[in-house]
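Please work through the exercises below with the structure open beside you, and try each task before you read its solution.

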Amino acid sequence: MLLEVENLRVHYDKVEAVKGISLSVEEGNISTLIGANGAGKTSILKAISGLIKLSAGEVRFEGKRIDHMAAHDIVGMGIAHVPEGRRLFGLMTVQHNLRLGAYLQKDKKQLEESFEHVYRHFPILKERENQLAKTLSGGQQQMVAMGRALMARPKVILMDEPSLGLAPIMVSEIAKIIESLKQAGLSVVLVEQNASLALKLADRGYVLETGTIALEGKSEDLIGNDYVKQAYLGG
Amino acid sequence: MTENTKMATGVWVAAVAFAFLLPVICGYDKYILHVGITIAFNIALATSMWLIWTLGFISFAHAGFMGIGAYTSALLFTSLGWSLWINMWIAAAVAALFAFVISIPLMRTRAVYFFMASWAVGEVIKRVFAYYRGIFGGWDGIFNIRPPKIDIFGLDINFTSRVAYYYLALVCCALIVFAIHRIIRSRTGAIYWSIHESEILAQHVGINVLKHKVIAFTTACFFAGMTGALYAHYHTYINPKTFDIWQSEFSLVHIIVGGLSTLNGPVLGATVLTIVDELLRPAGWYRVIFFGVVIILTVLFLPGGLETVPARVRALVARLRGRSD
């Protein structure tokens, strides 16, 4: 197992946002966390990447415990995080944004390879290399955010609502890219409100409700599940 | 290299050349050289303060760290007789050491809280100098700090000479500005601006934010400490008031009036305002009011500071040309 989360709990002051959830991600798989606002999806991702403290539980990556490690060390181990809302360094060029993603790489040749690798996945970014990030369209900004995560050469990418606020055509574009990342051997943890998209992409799904896992299983099973259909797929 | 950066480099080279020729141009006028030395100190202080700003912080303790450098160097001279050549580096190191220790808790605060905390640090530094009369001479300060001498290879220069000290201040100031330029142009500079823009996002990317903040703060205070030592041996007399909040505030005004987004800003601001300040000397205490007025006018009518003037002029010329066509 590449990434394992066991009995994770997260508190914001006295409010418990994540109430003891467990999940696991296999190598080369896409796992998705779906659920409504406030279900605790983003908190789980932040806890994995070390951006918030967990109050209980364990996170293991390649068998090693990574909870209580600092965020930058976790990135160094191979977990990249694409934050919610396509957050970029808006006043920097596309190239600089990507460059910062490879913050931990000091080898020049390796860095060039990383750039090439990202531009293969996102050819449009090569064209827009010297443009300020904030001047890009929403979809392109999402690509920069994903490209920036790829620059760190991760084994797992945590993606927080990549489809949020994008035009339908862009959503399917992003979906294609996520699939191609999987084909390249990466694992993805995908947090989505767009449940039908997420379940179509994922191998395994977790349905979150107010900080606990209500349902989990293979995504094709979840798609067929009556409860999921009614609550999340609008059917 | 684009047209603009070529031009900027040209202007820089011209400015440095002018600075080196100034003693000859002004006919070794002592007063003008004094203003030149003051400008050099102010530039060094403003640019190093600006280095902290690239991470999004304004430190009101900056002049305090200059004071730590000045007192270190002064005490080494008066008690051990060591010259500025050695003291300057020890002064910078001591200021950096204090900065390193205090920055670890200080850099955990944000925005306006950092303002207040750094203000307190600056005030404490000043008070310590004033309180321990036995060591630091209290409010009276330290006297009889002598400029250094060079006596090697048949070269015999005494830096009590205004011209010699002018060149010393100029070289040190240029080195500090160049060092900061290199830092900002490097990968580290990009990391600083990224922390400036969004600390949380920088963390997402895997940047060790606290580490970079501590290093930047320490580096900036190293330069401030060095400037302090140069200041002490030039004026031969220091007291706690020289290094209080006001001094930091002047540097802040220099940065804001000059411009915040490139290194040109603090250099330009410190130069222009030091000259204006000297011209206003007859106005006495009203000079302080002038600084307040200048900062308000800049924010209102010249957001971005003096460094944006060339671009504004270019835009204006282009518009006028467009109209006449």
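The exercises that follow concern a predicted model, and each one is solved step by step.

**Exercise 1. Determine how many residues each chain gives to the contact between chain A and chain B, and describe the side that belongs to chain A.**

Solution. Begin with the count: chain A contributes 19 residues to the contact, while chain B contributes 13 residues. Next, look for the helices on the side of chain A that touches chain B, where α2 (71-77) and α3 (94-101) of chain A each supply at least two residues. Finally, sort the residues of that side of chain A by character, which gives 11 nonpolar, five polar and three charged.

**Exercise 2. Decide whether helices α6 and α7 of chain A are roughly parallel, or roughly antiparallel, and list the residues through which they meet.**

Solution. First take the two axes: those of α6 (residues 138-151) and α7 (residues 168-183) of chain A come within 10 Å and cross at roughly 20°. Because angles under 35 degrees count as roughly parallel, α6(A) is roughly parallel to α7(A). The crossing of these two helices, α6(A) and α7(A), is right-handed. Then find the residues that meet: α6(A) brings A:Gly138, A:Gly139, A:Gln142 and A:Met146, and α7(A) brings A:Met170, A:Glu173, A:Ile174 and A:Ile177. Sorted by character, the residues of this contact between α6(A) and α7(A) are four nonpolar, three polar and one charged.

**Exercise 3. Compare the span of helix α12 of chain B with the expected one, and find what its buried residues pack against.**

Solution. Helix α12 of chain B (residues 264-279) has 16 residues, and from its first C-alpha to its last it reaches 23 Å, which is close to the 22 Å expected at 1.5 Å a residue. Among the buried residues of α12(B) are B:Val267, B:Leu268, B:Leu273 and B:Asp277. The buried residues of α12(B) pack against four helices of chain B, namely α2 (30-53), α7 (162-185), α11 (245-258) and α13 (286-301).

**Exercise 4. Where do A:His68 and B:Tyr28 lie, and is each of them buried, partly exposed or exposed?**

Solution. Start from the general expectation that most residues other than glycine have a negative phi. A:His68 is not a glycine, yet its phi is positive, at about 70°. A:His68 sits in the loop between β5 (64-65) and α2 of chain A, and with 10 other C-beta atoms within 10 Å it is exposed. B:Tyr28, also not a glycine, has a positive phi of about 55°. B:Tyr28 belongs to the loop between α1 (3-25) and α2 of chain B, and with 14 other C-beta atoms within 10 Å it is partly exposed.

Technical notes:
Residues numbered from 1 in each chain as written. Chains lettered and ligands numbered in written order. Predicted model: local features only at pLDDT ≥ 70, side-chain atom pairs only at ≥ 80, totals over all residues. Contact = placed C-beta atoms within 7 Å. Nonpolar A, V, L, I, M, F, W, Y, C, P; charged D, E, K, R; others polar. Axes fitted to C-alpha atoms, helices over the stretch in contact; angles between N-to-C directions. Parallel < 35°, antiparallel > 145°, perpendicular 65-115°, else oblique. Left-handed = near helix turned anticlockwise from the far one by under 90°. Expected span 1.5 Å × (residues − 1). Buried ≥ 20, exposed ≤ 12 C-beta atoms within 10 Å, placed from the backbone.
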